[in-house]
Amino acid sequence: MSPESTGQNEHYLRVFWRGFRTWRGNRPFWAGLFTMVGGLPIAYFPYANMHLGNITLAMSTTAGAGSLIIGVLLITLGLTMWFHHIVRVFAGVAAILLALISIPVANIGGFLIGFLFSLLGGALSISWAPGEPKPDAVDAGALDQTYKDAGPGTQEPEPEFQSTAAVPQQQPEQYDTTVEADGGRHRAG
């Protein structure tokens, strides 16, 4: 084996982690995760019982089914953000609206835990935009060093363009200057 073929000797966890990072970087991962984590307490707390010694506190309310529906919808929206990131804006707006609706319906939004996580996930989903790789970025460190070496009172250097394609010159359009007989108006109006 040659030293250049390191890909064959990599551990399968490292390969899996690299693939996961690539997958995670192409979608609003944290938005979906926060939205799903926010849906869990909203759906869970209305059906939970807390035991304090011999006393059982039931936190169920009359809106238990509404809480369950809101929680399941938030988990579904979180998965939608992961696997159908094209509709991330819709999923984010829906997550924010469901988080707001969970305040009066689901035990103050899952005791504010689910509300805050869902609100944050929806906001992250709306603000996420897919990144595009930069072709060849100028080294920022070398550019900063150039500015420092220039001294005060000197002009900043012009950025170098590495494009080899020629930009076609645009010709002005030729407009028809003749006027129609009806003054340029439509016949229907």
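## Overall architecture

The chain contains seven helices and two strands, and it is described here from a predicted model. Following the sequence from its beginning, the order of these elements is α-α-β-β-α-α-α-α-α, with the two strands numbered 1 and 2 covering residues 49–52 and residues 55–58.

Of the 189 residues in the chain, 23% count as buried. Among contacts in the chain with a separation of 6 or more, 69% are accounted for by residues 24 or more positions apart. The chain exposes about 14,500 Å², and carbon and sulfur atoms supply 62% of that area.

## The hairpin

Strand 1 and strand 2 pair in the antiparallel sense, and the pairing runs over four bridges. Within this pairing, His 51 stands opposite Thr 56 of strand 2. The two strands form a hairpin with two residues between them, and in its turn Gly 53 has a positive phi of about 70°.

## Helix 2 and its surroundings

Helix 2 covers residues 29–44, and its length can be checked with simple arithmetic. At 1.5 Å a residue, its 16 residues should span 22 Å, and because the C-alpha atoms at its ends are 23 Å apart, the expected and computed values agree.

The buried residues of helix 2 are Phe 29, Ala 31, Gly 32, Thr 35, Met 36, Gly 38, Gly 39, Pro 41, Ile 42 and Ala 43. These buried residues pack against helix 1, helix 3, helix 4, helix 5 and helix 6.

## Pro 28, ahead of helix 2

Pro 28 lies in the loop between helix 1 (residues 12–25) and helix 2. Its relative accessible area is 2%, and therefore Pro 28 is classed as buried, the cut-off being under 20%. Leaving aside neighbours within four places in sequence, Pro 28 is in contact with Met 81, Trp 82, His 85, Arg 88 and Trp 128. For one of these partners, Trp 82, the separation along the chain is 54 residues, whereas the C-alpha atoms of Pro 28 and Trp 82 are separated by 6.4 Å.

## Helix 4: a buried serine and a partly exposed leucine

Ser 102 belongs to helix 4, and with a relative accessible area of 0% this serine is buried. When residues up to four places away in sequence are not counted, Ser 102 touches Ile 42, Ile 70, Asn 107, Ile 108, Gly 109 and Phe 115. One of these residues, Ile 42, is itself among the buried residues of helix 2.

Leu 97 also lies in helix 4, but its relative accessibility of 47% means that Leu 97 counts as partly exposed. Measured by sequence position, Leu 97 and Ser 118 are 21 residues apart, while their C-alpha atoms are 9.4 Å apart in space.

## The nonpolar surface patch

Val 89, Val 93, Leu 97, Leu 100, Ile 103, Ile 108, Leu 112, Leu 116 and Ile 126 together make a nonpolar surface patch of about 740 Å². Helix 4 (residues 88–105) and helix 6 (residues 113–127) each supply at least two residues of this patch, and the largest share, five residues, comes from helix 4.

Leu 112, another member of the patch, is found in the loop between helix 5 (residues 107–111) and helix 6. With a relative accessibility of 42%, Leu 112 counts as partly exposed, because this value falls between the limits of under 20% for buried and over 50% for exposed.

## Positive phi at residues other than glycine

Two residues around helix 5 deserve a separate look for their backbone angles. Asn 107 has a phi near 50°, a positive value in a residue other than glycine. Asn 107 is placed in helix 5 and is buried, with a relative accessible area of 13%; it is also one of the residues that Ser 102 touches.

Leu 112 likewise has a positive phi, of about 65°, although it is not a glycine. In contrast to the placement of Asn 107 in helix 5, Leu 112 lies in the loop between helix 5 and helix 6, and its relative accessible area of 42% makes it partly exposed.

Methods
Residues are numbered from 1 along each chain as its sequence is written. This is a predicted model: local features need pLDDT of at least 70, side-chain atom pairs count only at pLDDT 80 or more; totals for chains, interfaces and linings use all residues. Side-chain values use heavy atoms; hydrogens and water are left out. Two strands pair if DSSP finds at least two bridges between them. Patches are made of residues with over 30% relative accessible area and no salt bridge: like charges are joined within 9 Å, nonpolar side chains (Val, Leu, Ile, Met, Phe, Trp, Tyr) within 5 Å. Accessible areas come from the Shrake-Rupley method with a 1.4 Å probe; for residues, only the protein chains shown count as cover. A salt bridge is a side-chain nitrogen of Lys or Arg within 4 Å of a carboxyl oxygen of Asp or Glu. Buried means under 20% relative accessible area, exposed over 50%, partly exposed in between (1.4 Å probe, protein chains only). Contact means heavy atoms within 4.5 Å. The expected span of a helix is 1.5 Å times one less than its number of residues.
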